[in-house]
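Below is a walk through one protein model, meant for someone seeing it for the first time. Keep the sequence and the 3D view side by side while reading.

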Amino acid sequence: MNSFGDAWELICSYCKTKITDVAYNTWIVRIKPLELDFDDNTAYLIVPNDFHRQTITRCYIPLLNEAFEAIFDNKFKIALKTPAEVEQSVPEPPKAEEETVRNYEYTFDTFIVGSSNNFAHAACMAVATNPSKAYNPLFLYGNSGLGKTHLLFAIQNEIRKNYPEKTICYIKIDDFINEMVESLKMKTMIEFRQKYRQVDVLLVDDVQFLGGKEAMQEEFFHTFNALYDAHKQIVLTSDRPPKEIKTLADRLRTRFEQDLIADIQPPDIETRIAIIKRKAELLDVQLSNEVCEFIASKLKSNIRQLEGTVKKLKAKYLLNHEKITISSAQEVIADILNNDVPPEVTVERVIDEVARTFGVSADEIRSQKNKSANISNARHIAIYITREITSLSMVNIGEAFGGRHYSTIIYSLQKVQKQIEKDRKIKELVDDTIKNIRDR
């Protein structure tokens, strides 16, 4: 197991809470861990090219320093290398082996089954054993961090093993939406549709983010129908059941509900202990029963927190080689809980989500010039949501929306409030959008 790789996942998770999704996906995601040198306290990272290195050096080194110190309780110098430089100096870790290890983590063998998830696990096993003939579609729902994505990858790995000829596609619904928008711009929708409508198995994460996005729902509806009519397997996950995604089109909701819906609940303490022990075994870290039970008693509702705690304990052990005790576990749990606090909602997050919902750009929402009906409506709703879920004054909101006068902000608030009172669909759109913003 690549221990620096495990620690790097925690560092990335830390960074994600501090910057926008766009910045995170553009700059942080593309960095790869290379080597952690404890002798000279240097973390070697691989960046795609020199331009990426320049941007990271200029804008994100303080954030990376902060993240490394939060995870390791120790300061590291950060050295950025391009792939060409790595080839000339330190050998790059073998990707095939790393990918095998990463895939192995997300199999049915490594999924700990308990009373909270045994039904969902059995349904996924049935789908993986008999694609398109057991449950189709299979809809999994549950709060974040309970194992939905693990089960999707387990299905993927099992089908690949038993049916190597089948084409499998796993995608987050956000990526589906972004790819569709790009295809519309580049006029490559034919290729986009062929990509998704010719697979044998489609695994889609976080479909709740389709709520309110009419154009995207229309495209996904036809993709769903094409696959279903061709007897191809579809598995979907969400943080809530279809009936609670208020702005989901009725025809999509009925298709999501037409076969099996399985929920995943937070694990009981026996399952939590088993998860901790299994993760420790995979990471080759020794944890006493007392430490496992202590962690399980403190972290009750999120499997990612359990796994993150074990990873960070391993990272601390690599640093100081001291025995892992309840005291050290307590320190790590405090850090995990502090890092897991949702970041404060910003105007940028509100505008980005509303823009995605209405199929417009964030710049168009901020613009003083563009006053088309669709963009004006998106702008009014973004202003209303900003007022609802941030502590900004109306003057500050006006500044964030292109320097608008506070009287314009008052007009937008009143306009949307009247729409909500008269039109249930507008209220559902606002409620779903607020939930999506808070869940990201």
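How many bridges join strand E4 to E8? This is a predicted model, and in it strand E4, residues 138-141, is joined to E8 by 4 bridges. The two strands run parallel. Particular residues can be picked out along this pairing. Phe139 stands opposite Ile261 in E8, and Tyr141 has Asp263 of E8 as its bridge partner.

The pair belongs to a wider arrangement. An open sheet is formed by 5 strands, in the order E5-E6-E7-E4-E8, with parallel pairing. At the edges are strand E5, residues 168-172, and E8, each of which pairs on one side only. On average, and with direction ignored, neighbouring strands of this sheet are turned by 15 degrees against each other.

Strand E8 itself covers residues 260-263, and its side chains alternate along the strand. Leu260 and Ala262 point to one face and are buried. Ile261 and Asp263 point to the other face and are not buried. Thus the two E8 residues named in the pairing with E4, Ile261 and Asp263, both belong to the face whose side chains are not buried.

A helix also meets this part of the sheet. Helix H6, residues 118-129, lies across E4, E8 and strand E7, the last of these being residues 233-238. Helix H6 runs at about 135 degrees to E8.

Next, turn to helix H10, residues 214-229, where Phe221 is found. Is Phe221 buried or exposed? Its relative accessible area is 7%, and because buried means under 20%, Phe221 counts as buried. With neighbours within four places in sequence left aside, Phe221 is in contact with Arg251, Leu252 and Arg255. Pro242 is 21 residues from Phe221 along the chain, and the C-alpha atoms of these two residues are separated by 14 Å.

The last stop is a loop between two helices, H13 at 289-298 and H14 at 303-320, and Asn302 is found in this loop. Asn302 has a relative accessible area of 14% and is likewise buried. Which backbone nitrogen lies 2.8 Å from a polar atom of the Asn302 side chain? That nitrogen belongs to Arg304. The backbone nitrogen of Gln305 lies 3.2 Å from a polar atom of the Asn302 side chain. Leaving aside neighbours within four places in sequence, Asn302 is in contact with Ser144 and Gly145.

Technical notes: Residues are numbered from 1 along each chain as its sequence is written. This is a predicted model: local features need pLDDT of at least 70, side-chain atom pairs count only at pLDDT 80 or more; totals for chains, interfaces and linings use all residues. Side-chain values use heavy atoms; hydrogens and water are left out. Buried means under 20% relative accessible area, exposed over 50%, partly exposed in between (1.4 Å probe, protein chains only). Two strands pair if DSSP finds at least two bridges between them. Contact means heavy atoms within 4.5 Å. A polar contact is a pair of N or O atoms within 3.5 Å; within protein, one must be able to donate a hydrogen and the other to accept it, and residues adjacent in sequence count only if both atoms are side-chain atoms. Axes are lines fitted to C-alpha atoms, for helices over the stretch in contact, and angles run from 0 to 180 degrees between N-to-C directions.
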